[in-house]
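Here is a short report on one chain and its ligand. Please look over the sequence and the fold before reading on.

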Amino acid sequence: MQTIRVETPSAKYDVVIGSGLLETLAQRIERAVGRLPRRVFVLTSPEIWALWGHSVLRSFSEAPLVLFLPAGEQHKTMKNVERLTREMIRAGGDRGSFLIALGGGIVGDVGGFVAAIFMRGIPFVQVPTTFLAQVDSSVGGKVGVNLPEGKNLVGNFLQPRAVFGDIDALGTLPDRELRAGLMESVKAGIIRDRALVRFMEEHADAILQREPKALERVIAASVRMKADVVRRDERESGLRMILNFGHTVGHALEQATRYKAMLHGEAVGWGMVAALAVARRRGTITGAQMERMETLIYRYGPLPRLKASAARVMAATGSDKKNVGGVRRFVLPFGIGEAGVVEDVTPDEMEAAVKYMLARARVEGQ
Ligand SMILES: NC(=O)c1ccc[n+]([C@@H]2O[C@H](COP(=O)([O-])OP(=O)(O)OC[C@H]3O[C@@H](n4cnc5c(N)ncnc54)[C@H](O)[C@@H]3O)[C@@H](O)[C@H]2O)c1
């Protein structure tokens with residue numbers, strides 16, 4: 001078991017990674033945040049509750065009230081936020097209530113947003129059950145929902161009181177979800193942790209076979225990286241932007257395929273390939289470094305084939321909300337284990353990178 005301390009200007013909390021956390025969840029939460037109030041809500045999805053609800057319930061002397069959010073990005077909406085908050089009111093929720101978000105990044109983002117606005121804010125903990133949520137979305141306090149106009153356009157920053165990432169829960173995760181989540185750890189390594197890159201190169205079989213010790217090592221390193229970045233820049237005014245490595249083109253791919261053809265981590269995987277191409281042309285990485293990083297990305301694939309045309313992907317990058325004032329903002333690696341933000345990527349550079357990515361997708365995509 002590993003505990004990582006997250007300290008930001010607005011909050012301090014622990015991220016606990018290990019086995020057997022769900023069965024002891026209530027006691028662990030009370031140890032971290034103090035006595036639980038009478039009205040405790042658990043937000044989860046029906047599938048996750050069917051798999052893990054019995055483990056969670058075992059630790060509560062008084063059963064919490066369970067709220068459901070159906071699985072799928074299409075349910076990360078204001079409409080569901082309204083429904084959930086109304087259900088909480090009708091169930092007797094008040095300013096003293098407490099919320100547990102048990103699930104993947106979608107449950108965590110929606111749960112955190114509900115906690116941020118219900119009665120102007122109630123405390124919550126994250127209990128991430130996907131790899132992506134354990135290494136990334138449960139840490140750092142970004143919460144929110146999508147609009148028809150785009151992803152994550154409404155939200156807030158609210159740090160959880162604690163995070164409990166149970167590695168056992170990953171045992172029921174579909175392989176594709178695991179691999180997509182691992183892209184976030186590949187990202188973590190490339191931008192800030194060269195030792196993590198090496199570990200993921202050397203222990204790929206153990207990681208993909210879900211060997212607990214190997215998973216714990218990768219998750220803890222990824223969380224430590226994110227915690228360090230968030231500690232320095234909670235509100236994404238500078239350093240935190242490096243966490244968007246792979247996101248400029250990744251978001252464009254998600255948008256161009258209407259969030260249906262690929263998982264977020266898969267889109268980030270291809271987005272990292274495009275970013276590597278920009279970095280190579282600018283000389284911030286060598287050819288050998290590029291090959292090594294690309295090999296690592298494909299090792300944790302397969303990434304899906306890409307059907308969108310270069311023109312379509314290019315058009316979608318123009319509407320990326322991270323391109324402040326139309327500037328083509330890109331996170332580029334500087335060698336392996338270091339990254340920075342550049343704001344002057346030209347449309348030509350962008351196009352060359354997108355074309356490179358599409359060509360690689362014809363070979364590596366499945
Ligand atoms: N807040 C942040 O900082 C941040 C960072 C990255 C991503 N995100 C968001 O996270 C979301 C994606 O999260 P995700 O990849 O976890 O997807 P997800 O929440 O959709 O979960 C993926 C699928 O796995 C299922 N599932 C969850 N846990 C399971 C388990 N233990 N066993 C079996 N099935 C399980 C879910 O029901 C769902 O069908 C996106 O909306 C993205 O915008 C947020």
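## A right-handed unit

Strand E3, helix H2 and strand E4 make a right-handed β-α-β unit. The model is a predicted one. E3 and E4, the latter spanning residues 65-68, pair in the parallel sense. Four bridges hold that pairing. Within it, Thr44 stands opposite Phe68 of E4.

E3 has a further partner in strand E5, residues 98-103. Here too the strands run parallel, joined by four bridges. Val40 has Phe98 in E5 as its bridge partner.

E3 itself covers residues 40-44, and four of its five residues are buried. The strand is therefore largely enclosed by the rest of the structure.

## The E7-E8 hairpin

Strand E7, residues 142-147, runs antiparallel to strand E8. Five bridges join the two. Gly144 stands opposite Gly155, which lies in E8. Together E7 and E8 form a hairpin, with two residues between the strands.

## Around the ligand

The ligand has 28 residues around it. Those that come nearest are Gly104, Gly105, Ile106, Thr130 and Ser137.

Which helices and which strand each supply at least two residues of this shell? They are helix H2 (46-58), helix H4 (105-117), helix H5 (131-137) and strand E8 (150-157). H2 thus belongs to the β-α-β unit and also contributes to the ligand shell. E8, a hairpin strand, contributes to the shell as well.

By class, the shell has 11 polar residues, nine nonpolar and eight charged.

## Two domains and their contact

The domain assignment splits the chain into domain 1, residues 2-172, and domain 2, residues 175-364. The C-alpha centres of the two domains lie 26 Å apart. Across the boundary, 27 residues of domain 1 are in contact with 27 residues of domain 2.

On the domain 1 side, at least two residues each come from strand E1 (2-7), strand E2 (12-18), H5 and E8. H5 gives the largest share, with five residues. That side of domain 1 divides into 12 nonpolar, 12 polar and three charged residues.

H5 and E8 appear in both settings. Each supplies at least two residues of the shell around the ligand, and each supplies at least two residues of the side of domain 1 that touches domain 2.

Notes:
Residues are numbered from 1 along each chain as its sequence is written. This is a predicted model: local features need pLDDT of at least 70, side-chain atom pairs count only at pLDDT 80 or more; totals for chains, interfaces and linings use all residues. A residue is near a molecule or strand if its C-beta atom, placed from the backbone, lies within 6 Å of it. Ala, Val, Leu, Ile, Met, Phe, Trp, Tyr, Cys and Pro count as nonpolar, Asp, Glu, Lys and Arg as charged, and the others, Gly among them, as polar. Domain bounds come from an automatic or database domain assignment. Two residues are in contact if their C-beta atoms, placed from the backbone, lie within 7 Å. Two strands pair if DSSP finds at least two bridges between them. A residue is buried if 20 or more other C-beta atoms lie within 10 Å of its own, exposed if 12 or fewer, and partly exposed in between; C-beta atoms are placed from the backbone. A crossover is right-handed if, with the strands pointing away from the viewer, the path from the first strand over the helix to the second runs clockwise.
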